[in-house]
Amino acid sequence: MSESVLNNYAQIYVDLLLNKSRYDQWDMNWFTEGPFWRRTSMKFSRTYKTIPDYEIGNLKHGKSLTDIVSDAAQLEKDIAAYARTAPQEEKVRVQYLVEHSHQLSVRARLLAGEQMPYDEMTRELYCLVAPRREERAFARALEDMGTALPGVGSAAEKIARFRQQIRIPREHLLRVCREVARTFHDMSRQHMDIAENNMPRIRVRELPGSMQFLSVLFGYDYDRIEYERNFNLNYPWTVDNLVECIAHECEPGHLVYFEKRTKAFIDTGWPEMSVVSQHTASNAFSEGAARHAITMCFDNDLEKMRDYEREVVFAGAGLDKGLAEVMPQWHRFCEAAGYGKLEATRNLWDGVWTKEEAGAFLERYSFNDLGTGVETLERAPDDAGHFAAHDYARDVVRAYFNDVAPTIAEQWKLYEDLCGDDFSMAGIADHSYRPLPLGIW
Ligand SMILES: [Zn+2]
């Protein structure tokens, strides 16, 4: 009886999310209509992106943003009322629905023009509030990187030069992308239950310069996702962001998450498992975990990751392998840059800095090359919480994993279980949550 009540609430949640996607075009990261789906015609474009990766047609029509705001508020109230008397065995699922209906409601209000401070926005959407980082931590990151890099000139000059030196020539992009995707697929399969034929087809093509890749979904069923990923030849790929992008977006990152959610949806029939919405706490887990899982592939050891980058990426791209020595330090610098971007977007959102001031801050610490700071912030209005839900989320997830799963084998098991689970992000942040093993509902 009560499961059907919850399924009914969850279906209203999914319908509202789909309707909201008309006003929030990058929100739906994944959506499964039923137990399987297959593309049956070639009437699609490889030159623009649709989200989800196929046309959902009428499912997103029928409600104005005002309707969504009021219906989401009602849903939130109804689920909160149910939660007060929910039986113990439903607590985790009910808490997930309480949080996610609230996040839907907040996101809809923001789209309708409501304003709130940055920290409140990230707490309401992701259950995360990133602590502030002092400017002197950024100054130290810049200085340390400058010291570690070879050659002459200021730290800023050395960093700008290094970015050029680790840039992958376009004629090698396809080969490197395929090899990286293949090795991360193999490493993921070694640690998790993932089908052999799940590796996306890797292509390269000319796309608008700011776009990293374009995906085309051809089908899915229980444990199979048939994806094509087109990497942009015009994007300035460096060794670190190519590795990060492939591992994060494909395996062991989002593709594994989508697969495990689809399995969970089919195993349980719970509608909320059929969607992955960008502006939610479960997705902040997925973003943070997709980043942490990259280092898990190298036993959380940046030296091992450097060896891989040197032998596979530097070698495959025809780059100077001697430069790979500084990659561990470079990854630490990139992490500091992520926090710099978080401060820039927070101060921009809160009206403390103008876009020009925030851009100048990013360039001052070489988190962006000269003249590109403002450009980075252009996407800020659509996804202002990005760096809280990715960079800070990674550190929240990493701290939780290191605390509750001390060995690498335990971390892989934890990651796989959590991908198919409907937990609360609050329980990850305060380290109180333990998942049930997959297959027990
Ligand atoms: Zn992501």
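Start by selecting Glu-325, in the loop between α11 (302–316) and α12; helices here are DSSP runs of H or I with at least four residues, strands are runs of E with at least two, and both are numbered from the N terminus. Bear in mind that you are looking at a predicted model, where local features need pLDDT of at least 70 and side-chain atom pairs count only at pLDDT 80 or more, while totals for chains, interfaces and linings use all residues. Residues are numbered from 1 along each chain as its sequence is written, and side-chain values use heavy atoms, with hydrogens and water left out.

How accessible is Glu-325? Its relative accessibility is 46%, so Glu-325 counts as partly exposed. On this scale buried means under 20% relative accessible area, exposed means over 50%, and partly exposed is in between (1.4 Å probe, protein chains only). Now add Arg-306 and Arg-310 to the selection: Glu-325 touches both, leaving aside residues up to four places away in sequence. Contact here means heavy atoms within 4.5 Å. Draw a distance between the C-alpha atoms of Glu-325 and Arg-306 and you should get 7.1 Å, for two residues 19 apart along the chain.

**Along α12**

Next, select residues 327–349, which make up helix α12. These 23 residues reach 32 Å from the first C-alpha to the last, close to the 33 Å expected at 1.5 Å a residue (the expected span is 1.5 Å times one less than the number of residues). Turn on a surface and α12 is mostly covered, with 18 of its 23 residues buried. After α12 comes Gly-351, with a positive phi near 75°.

**The zinc site**

Jump to the zinc ion. Which residues hold it? His-248 (NE2), His-254 (NE2) and Glu-287 (OE) coordinate the zinc ion at 2.0 to 2.1 Å. Donors are N, O and S atoms within 2.8 Å of the metal (3.2 Å for Na, K and Ca), and water is not among the atoms, so sites may look incomplete. Along the sequence, the donor residues follow the spacing H-x5-H-x32-E. Colour α8 (residues 239–249) and α10 (residues 281–296) separately: His-248 lies in α8 and Glu-287 in α10, so the pair ties together parts that are 39 residues apart in sequence. His-248 and Glu-287 are both buried.

While you are here, pick Pro-252, in the loop between α8 and α9 (254–268). The peptide bond leading from Glu-251 into Pro-252 is cis, with omega near 10°.

**The open sheet**

Now show the four strands of the open sheet, in the order β2-β4-β5-β3 with mixed pairing. Two strands pair if DSSP finds at least two bridges between them. Which strands stand at the edges? They are β2 (37–38) and β3 (201–205), each with a single partner strand, so one side of each is left without a neighbour in the sheet.

Centre on β5, residues 224–232. Eight of its nine residues are buried, so β5 is largely enclosed by the rest of the structure. With β3, strand β5 pairs in the parallel sense over five bridges. Click Arg-201 and look across to its bridge partner in β5, Glu-228; then click Arg-205, which stands opposite Asn-232.

With β4 (residues 213–221), strand β5 pairs in the antiparallel sense over eight bridges. The two strands β4 and β5 form a hairpin with two residues between them. Val-216 also stands opposite Glu-228 in β5.

**Two positive phi values**

Select Ser-366, in the loop between α13 (355–364) and α14 (373–377). Its phi is near 60°, a positive value in a residue other than glycine. Is Ser-366 buried or exposed? Ser-366 is buried, with a relative accessible area of 4%.

Then go to His-431, in the segment after α17 (425–429). Here phi is near 65°, again positive in a residue other than glycine.

**Zoom out**

Finish with everything on screen: 17 helices and six strands. The radius of gyration is 22 Å, close to the 22 Å that the globule rule gives for 441 residues, so the protein is as compact as a globular protein of that length. That radius is taken over C-alpha atoms, and the rule is 2.2 Å times the number of residues to the power 0.38. Along its principal axes the C-alpha trace spans about 70 × 50 × 45 Å. Buried residues account for 55% of the 441.
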